[in-house]
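Colleague: Could you walk me through this one? I'm new to reading models, so plain words please.

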Amino acid sequence: MAGIGVYSAFQFMAVTADSEWSDDELSSAVSQATDEMDGTSRFGDIFGDDSGFDEEFATMIEEEIVENGGGGAPQDGVGASAAASNKPSDADYTVQAAGTDTAFCVHVVRTPSKDGDYTPPGVAGGAGSVTVPNYDFAVTSRQGEC
């Protein structure tokens with residue numbers, strides 16, 4: 001009976017450790033995610049209102065960090081909070097994760113791509129009337145809240 005209790009306790013500790021981030025795991029994942037996002041480009045909103053930019057980029061940051069967390073890091077528990085002063089061209093996100101008090105500031109600069117816009121063909125193969133803008137991203141990070 002005592003052996004079952006000890007085994008159960010170790011199993012519980014392993015599950016708890018797998019659900020929380022360490023400072024080192026988060027630091028490494030943020031650094032790698034920043035490197036991967038820096039210099040990328042993406043298509044923007046065809047309507048040009050940029051209303052979903054903050055939520056979309058926060059989600060992308062969270063997903064990249066989880067992806068770069070490594071084998072021992074949890075597959076969730078990361079949050080990227082957008083700063084109130086964000087603009088679609090210049091934005092800050094405070095990144096935190098379950099299990100650690102460490103925070104990182106991820107800074108994103110979005111500029112229109114010089115040659116990456118896409119204009120799909122129109123009806124019956126004629127010239128299109130809608131252009132999908134393409135943006136280039138410069139992404140940096142530092143330890144601490146934004």
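Modeller: Sure, we'll go through the strands, then a few single residues.

Colleague: What should I know before we start?

Modeller: This is a predicted model, where local features need pLDDT of at least 70, side-chain atom pairs count only at pLDDT 80 or more, and totals for chains, interfaces and linings use all residues. Residues are numbered from 1 along each chain as its sequence is written, and side-chain values use heavy atoms, with hydrogens and water left out.

Colleague: Okay! In which sense do β3 and β4 pair?

Modeller: Antiparallel: β3, residues 90-97, pairs with β4, residues 104-112, over six bridges. Strands here are DSSP runs of E with at least two residues, helices are runs of H or I with at least four, and both are numbered from the N terminus. Two strands pair if DSSP finds at least two bridges between them.

Colleague: Which residue stands opposite V95?

Modeller: That's F104, in β4.

Colleague: And what sits between the two strands? Anything to look at there?

Modeller: The hairpin of β3 and β4 has six residues between its strands. Look at G99 in that hairpin, with a positive phi near 100 degrees.

Colleague: How many bridges join β4 and β5?

Modeller: Nine, again in the antiparallel sense, with β5 covering residues 134-143. As an example, P112 has Y135 of β5 as its bridge partner.

Colleague: Back to β3 for a second. Is D92 buried or partly exposed?

Modeller: D92, which lies in strand β3, is partly exposed because its relative accessible area is 23%. With a 1.4 Å probe and protein chains only, buried means under 20%, exposed over 50%, and partly exposed in between.

Colleague: How far apart are the C-alpha atoms of D92 and T140?

Modeller: They are separated by 9.7 Å, and the two residues are 48 residues apart along the chain.

Colleague: New topic: where is A124, and what about its phi?

Modeller: A124 is in the loop between β4 and β5. Its phi is positive, about 60 degrees, although A124 is not a glycine. Most residues other than glycine have a negative phi.

Colleague: Is A124 buried or exposed?

Modeller: Exposed, since A124 has a relative accessible area of 83%.

Colleague: Last ones: where are E36 and I46?

Modeller: E36 is found in helix α2, while I46 is in the loop between β1 (41-43) and α3. E36 is partly exposed, with a relative accessible area of 40%. I46 is partly exposed too, at 42%.
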